[in-house]
Amino acid sequence: MNAEPQPAPEPSPAPTPGAAPSAERRPVVTRAGMAWTATIAALVLLILLIAFIVQNQDNARVRFFGLDGTISLGIALLIAAVGGGALVAVAGAVRIIQLRARTRRTPATRP
């Protein structure tokens, strides 16, 4: 048993109106902050892409619909990736247009 007196606990401050219930305040996410984050991510990806192209300078023979030639392997893979991304973007755009047209044709029902 301890005979020493314990100090009284300090009262907690009263909550301010409109304040979040948690003790920590989170930073506000803004469009400018999201743009900076996206810019930094894009720059990192571009640096990695440049390093990939520089490291893959071997020539590769490419044949496509009667065209025949040699091109750097890194550039050939970059062109293939961009072409694949473009195909996915076109397919996605067609689907979005299709869904928007469907929602315009069907009237909205409200409960």
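The following legends describe close-up views of a predicted model of one protein chain.

**Figure 1. Overall arrangement of the protein chain.** The secondary structure of this predicted model consists of two helices and two strands. Read along the sequence, these elements follow the pattern α-β-β-α. Helix α1 covers residues 31-55 and helix α2 covers residues 73-105, while strand β1 runs over residues 59-64 and strand β2 over residues 67-72. The chain has 111 residues, of which 5% count as buried. Its accessible surface amounts to about 10800 Å², and carbon and sulfur atoms account for 67% of that area.

**Figure 2. The hairpin of β1 and β2.** Strands β1 and β2 pair in the antiparallel sense, with six bridges between them. One residue pairing in this ladder involves R61, whose bridge partner in β2 is T70. Two residues lie between the strands of the hairpin. F65 is located in this loop between β1 and β2, and its phi is positive, at about 45 degrees, although F65 is not a glycine. Most residues other than glycine have a negative phi. F65 is also exposed, with a relative accessible area of 76%.

**Figure 3. The aromatic pair at F64 and F65.** A pair of aromatic rings is described by the distance of the centres and the angle of the planes. The count for this model comes to one aromatic pair. The pair is formed by F64 and F65, with 4.5 Å from centre to centre and 65 degrees between the planes. Because planes over 60 degrees apart count as edge-to-face, the pair of F64 and F65 is assigned to that class. Both partners, F64 and F65, are exposed. The view thus shows the loop residue F65 together with F64, which belongs to the range of strand β1 (residues 59-64).

**Figure 4. The salt-bridge network of R61, R63 and D68.** Side chains of opposite charge can pair when their charged atoms come close. The structure holds two salt bridges. In one of them, D68 is joined to R61, and the closest N and O atoms are 2.7 Å apart. In the other, the side chains of R63 and D68 meet with an N to O distance of 3.9 Å. Salt bridges that share partners thereby link R61, R63 and D68 into one network. R61 counts as exposed because its relative accessibility is 56%, and R63 counts as exposed because its value is 59%. D68 has a relative accessibility of 46% and therefore counts as partly exposed. R61 also takes part in the strand pairing, with T70 of β2 as its bridge partner.

**Figure 5. The nonpolar surface patch.** L43, L46, L49, F52, L73 and L77 make a nonpolar surface patch of about 490 Å². Helices α1 and α2 are the elements that give two or more residues to this patch. The largest share, four residues, comes from α1. L43, one of the patch residues, is found in helix α1.

**Figure 6. Contacts of L78 with L49 and I53.** L78 is placed in helix α2. When residues up to four places away in sequence are not counted, L78 touches L49 and I53. The C-alpha atoms of L78 and I53 are separated by 8.1 Å, with the two residues standing 25 residues apart along the chain. L78 counts as partly exposed because its relative accessibility is 26%. Its contact partner L49 also appears in the nonpolar patch of the preceding view, together with residues including L46 and F52.

How values were computed
Residues are numbered from 1 along each chain as its sequence is written. This is a predicted model: local features need pLDDT of at least 70, side-chain atom pairs count only at pLDDT 80 or more; totals for chains, interfaces and linings use all residues. Side-chain values use heavy atoms; hydrogens and water are left out. Rings of Phe, Tyr and Trp (its six-membered ring) pair if their centres lie within 6.5 Å; planes under 30 degrees apart count as stacked, over 60 as edge-to-face and the rest as tilted. Buried means under 20% relative accessible area, exposed over 50%, partly exposed in between (1.4 Å probe, protein chains only). Accessible areas come from the Shrake-Rupley method with a 1.4 Å probe; for residues, only the protein chains shown count as cover. Patches are made of residues with over 30% relative accessible area and no salt bridge: like charges are joined within 9 Å, nonpolar side chains (Val, Leu, Ile, Met, Phe, Trp, Tyr) within 5 Å. A salt bridge is a side-chain nitrogen of Lys or Arg within 4 Å of a carboxyl oxygen of Asp or Glu. Two strands pair if DSSP finds at least two bridges between them. Contact means heavy atoms within 4.5 Å.
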